[in-house]
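This report describes selected side-chain and strand contacts in one protein model. The sequence and structure are shown first, and the description follows.

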Amino acid sequence: MRFSQFAGILGCTTAAFISITPIQVEAATFKVISGVTSIDHDHEEILKSIGLLITETNNTVAPIPSNYLVGFNIDSDTNFTFSDEGGFTPLSGTIEGTGTVTFNNQITVGNLSIGLAPGRTVTGGSGFVLRDTFSLNTILFDLSITEPVAFDGQNLTIPDVKLLVSPEFANILQKPELTGLFAGTARIDAEVAAVPEPDSVLAVLAAGAALLATRFYTQKIKCT
């Protein structure tokens, strides 16, 4: 088959494909790429009441908002994705942070990881957990998300996240009665990027191929 015939067929096929494919407004998928997880001052006061004093912080950042206690940078290992269906629907992955805090000059935790824990049932919990990956490698807090999530297509804000002492952390502290105790407030401010859907990528490739073929065919005509 001559290239001119192929170009014509490809162009027509692509045009037909695009014309018969209905334009639908579907939920889009997004990935967290950067940001800050911040802990409010009430966290420090509540932990102090059970004998945990923050004696050192390391590799932390300025919190958002500035009147919070401490911030943990969201790093490049983050692979958390969500859909904008219903405003905010978590899909998979975790939000990974850097930075550590030390309690009583003895216990250092940090490099926090936030994600869903499928099948986990904790009173008041949302299914999200905050896990220490620095030393204890366990869930420190179950997260309760009660306030609406704010999302404008580029920025995701999860405000007023309540930290509930996990059974695992309570056992490490040898105080199982602390399980479920409200231990302070956190907030997530993240920048996000859209994740291309396979269908949209295919459509772009098809359209690009058709344009390239048309241009080549036009130049071929001019040269003959």
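## A salt bridge between Asp189 and Arg187

Asp189 and Arg187 form a salt bridge in which the closest N and O atoms lie 2.7 Å apart. The model is a predicted one. Asp189 has a relative accessible area of 12% and is therefore buried, since the cut-off for burial is under 20%. Arg187, at 21% relative accessibility, counts as partly exposed. The bridge thus brings together a buried carboxylate residue and a partly exposed arginine.

## Further salt bridges

In total, the structure holds 5 salt bridges. One of them joins Glu168 to Arg120, with an N to O distance of 2.9 Å. This pair connects distant parts of the chain: Glu168 belongs to helix α3, while Arg120 lies in the loop between β9 (113–116) and β10 (128–132), and 48 residues separate the two. Both partners fall in the partly exposed class, Glu168 with a relative accessible area of 26% and Arg120 with 23%. The two residues also belong to a network of salt bridges that links Arg120, Asp142 and Glu168.

Another salt bridge is formed by Glu45 and Lys48, whose closest N and O atoms are 3.8 Å apart. Both residues are in helix α2 (residues 41–49); because they are 3 residues apart there, about one helical turn separates them. Glu45 is partly exposed, with a relative accessible area of 46%. Lys48 is likewise partly exposed, at 40% relative accessibility.

## The surroundings of Lys175

Lys175 is placed in the loop between α3 (167–172) and β14 (182–195). With a relative accessibility of 30%, Lys175 counts as partly exposed.

Apart from its neighbours within four places in sequence, Lys175 is in contact with Ile50 and Ala170. The contact with Ile50 spans 125 residues in sequence, whereas the C-alpha atoms of Lys175 and Ile50 are 9.6 Å apart in space.

## Strand pairing around β9

Strand β9 pairs with β6 (residues 94–98), the two running antiparallel and being joined by 3 bridges. Within this pairing, Thr94 stands opposite Gly115 of β9.

Strand β9 also pairs with β10, again in the antiparallel sense, over 4 bridges. Here Ser113 has Arg131 of β10 as its bridge partner. The loop between β9 and β10 is the one that holds Arg120, the partner of Glu168 described above.

## Aromatic pairs and the phenylalanine cluster

The count of aromatic pairs comes to 8. In one of these pairs, the ring centres of Phe30 and Phe82 are 5.7 Å apart and the planes meet at 25°, so the pair is stacked. The two residues come from distant parts of the chain, Phe30 from strand β1 (residues 29–39) and Phe82 from strand β4 (residues 81–83), with their positions 52 residues apart. Phe30 and Phe82 are both buried.

Phe82 forms a further aromatic pair with Phe151, which is edge-to-face, with 5.1 Å from centre to centre and 85° between the planes. This pair also links distant parts of the chain: Phe82 is in β4 and Phe151 is in strand β12 (residues 150–151), 69 residues apart. The partners differ in accessibility, for Phe82 is buried with a relative accessible area of 0%, whereas Phe151 is partly exposed with 23%. Ring pairs extend to a cluster made up of Phe30, Phe80, Phe82, Phe88, Phe128 and Phe151.

## Thr81 in strand β4

Strand β4 also contains Thr81. Thr81 is buried, with a relative accessible area of 13%.

When neighbours within four places in sequence are left aside, the contacts of Thr81 are Thr29, Phe30, Lys31, Pro90, Leu91 and Ser92. One of these residues, Phe30, is the stacked partner of Phe82.

Notes. Residues numbered from 1 in each chain as written. Predicted model: local features only at pLDDT ≥ 70, side-chain atom pairs only at ≥ 80, totals over all residues. Heavy atoms only, no water. Buried < 20%, exposed > 50% of the residue type's maximum accessible area, 1.4 Å probe, protein only. Contact = heavy atoms within 4.5 Å. Salt bridge = Lys/Arg side-chain N within 4 Å of Asp/Glu carboxyl O. Pairing = 2+ DSSP bridges. Phe/Tyr/Trp six-rings, centres within 6.5 Å; stacked < 30°, edge-to-face > 60°.
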